[in-house]
Amino acid sequence: MFDKAFASGVEGMRKPDLVFYQYVIKETEVHPSEITMIDDTPENVCAARSRGMYAILVDKSLPSGGGTLLNLLQDPLQRAEVYLKDNARNHHCVVEGHEDIILMDNFAQFMIWELTDEEDLIYLKWPCGKIQGIDRFGSDHLNGHSNGRSNGQTNGHLIGNTLESSNVQIGLWNYFFEAPVLTTRDFPPDADTTSTAYLSLSERYLSTVPDVHLVLEKMAANLDQDGIIQTYFDPTRPRTTPEVCCKILRLFHKFGCGSDPRTKKRRITL
């Protein structure tokens with residue numbers, strides 16, 4: 001498999017002395033950027049990188065270097081596309097520290113949709129209660145039950161395939177696809193998931209949901225005492241989050257309110 005092996009001790013040198021790495025570069029006649037080193041010692045990895053090599057640190061406390069090496073030698077985007085398609089509509093989340101809980105959420109699905117523009121990869125629970133991309137009861141085996149109204153579902157109505165565009169409540173998205181976990185039983189829709197939804201939806205879908213400017217108005221009215229847009233559409237759950245404000249700003253930019261983020265006469269502070 002290998003044309004030549006280099007052992008620092010055999011060559012009368014030792015790692016992490018730079019002379020050993022320079023010796024390998026000279027003997028192989030390969031540019032340092034084309035050399036990959038795998039080691040379990042940070043000092044050795046740093047020394048290799050200082051000579052221009054690509055070095056991977058392998059340690060029991062760190063993820064396996066196998067995936068990193070595969071991404072280096074093979075096209076990671078192509079591998080990712082194959083993985084997404086092979087596991088279409090089965091891309092769930094786990095919570096750090098609670099790996100036994102499989103979490104189905106709308107937010108992650110929208111992130112996949114926005115990045116890939118492939119709606120066949122994802123599943124959603126719309127604010128009106130409509131299920132897309134998965135059997136209505138297909139998630140029961142994960143957390144035991146469907147979320148019904150507990151995830152902020154509203155009483156929106158379907159008109160053919162079109163939602164009532166004047167009902168802003170059915171334009172406000174909830175993070176959870178199923179019943180909320182690791183939080184309160186009743187979980188309101190939020191500005192983060194709602195912004196991600198409107199940033200991800202194609203024109204075909206945007207024509208079937210409440211007009212985005214109604215949603216922007218709703219956000220603009222949902223301010224704390226400092227005039228900052230709040231995360232949840234619920235006065236009993238006050239919270240502001242810088243990351244969510246950034247997502248809201250993206251939404252305002254996309255729909256023409258970026259240079260002066262106002263709706264009507266209301267100024268929005270982010």
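Helix axes here are lines fitted to C-alpha atoms over the stretch in contact, with angles taken between N-to-C directions and running from 0 to 180 degrees. Keep that in mind for the first view, and note that everything below comes from a predicted model.

**View 1. Helices H7 and H10 cross at roughly 30°.**
H7 covers residues 191-200 and H10 covers residues 242-254. Their axes come within 9 Å, and the crossing of H7 past H10 is left-handed. On the H7 side, the contact is built from Ala 191, Asp 192, Ser 195, Thr 196, Tyr 198 and Leu 199. H10 brings Val 244, Lys 247, Ile 248, Arg 250, Leu 251 and Lys 254. What kinds of residue make up the contact of H7 with H10? Six are nonpolar, four are charged and two are polar.

**View 2. Val 212 sits in helix H9 and touches Tyr 198, Leu 251 and Phe 255.**
H9 runs over residues 212-221, with Val 212 among them. Is Val 212 buried or exposed? Its relative accessibility is 7%, so Val 212 counts as buried. The contacts with Tyr 198, Leu 251 and Phe 255 leave aside neighbours within four places in sequence. Two of these partners should look familiar from the previous view: Tyr 198 belongs to the H7 side of that contact, and Leu 251 to the H10 side. For a backbone reference, try Thr 194: its C-alpha is 10.0 Å from that of Val 212, and the two residues are 18 apart along the chain.

**View 3. Cys 245 has no disulfide partner, as the structure holds zero disulfides.**
Why is there no bond from Cys 245 to Cys 246? The closest cysteine sulfur to that of Cys 245 is the one in Cys 246, and it is 7.1 Å away, too far for a bond. The cut-off for a disulfide is a pair of sulfur atoms within 2.5 Å. Cys 245 is also buried, at a relative accessible area of 8%.

**View 4. Lys 4 and Glu 27 meet in a salt bridge at 3.6 Å, N to O.**
This is one of six salt bridges in the count. Lys 4 is in the segment before helix H1 (18-28), whereas Glu 27 is in H1 itself, so the pair ties together parts 23 residues apart in sequence. Both ends are partly exposed: Lys 4 has a relative accessible area of 46%, and Glu 27 has 37%.

**View 5. Asp 120 forms a salt bridge with Arg 89.**
Here the closest N and O atoms are 3.8 Å apart. The bridge runs loop to loop and links distant parts of the chain, 31 residues apart. Asp 120 is in the loop between helix H5 (106-116) and strand E5 (124-125), and Arg 89 is in the loop between helix H4 (76-86) and strand E3 (93-95). Asp 120 is partly exposed at 49% relative accessible area, and Arg 89 is partly exposed at 31%.

**View 6. Glu 119 pairs with Arg 204 in a salt bridge at 2.8 Å.**
That distance is between the closest N and O atoms. Which parts of the chain does the pair tie together? Glu 119 lies in the loop between H5 and E5, and Arg 204 in helix H8 (residues 203-206), so the bridge joins parts 85 residues apart in sequence. Glu 119 counts as partly exposed, with 22% relative accessibility, while Arg 204 is exposed, with a relative accessible area of 53%.

Notes. Residues are numbered from 1 along each chain as its sequence is written. This is a predicted model: local features need pLDDT of at least 70, side-chain atom pairs count only at pLDDT 80 or more; totals for chains, interfaces and linings use all residues. Side-chain values use heavy atoms; hydrogens and water are left out. Buried means under 20% relative accessible area, exposed over 50%, partly exposed in between (1.4 Å probe, protein chains only). Helices (H or I, at least four residues) and strands (E, at least two) are DSSP runs, numbered from the N terminus. Contact means heavy atoms within 4.5 Å. A crossing is left-handed if the near helix is turned anticlockwise from the far one by less than a right angle, and right-handed if clockwise. Ala, Val, Leu, Ile, Met, Phe, Trp, Tyr, Cys and Pro count as nonpolar, Asp, Glu, Lys and Arg as charged, and the others, Gly among them, as polar. A salt bridge is a side-chain nitrogen of Lys or Arg within 4 Å of a carboxyl oxygen of Asp or Glu.
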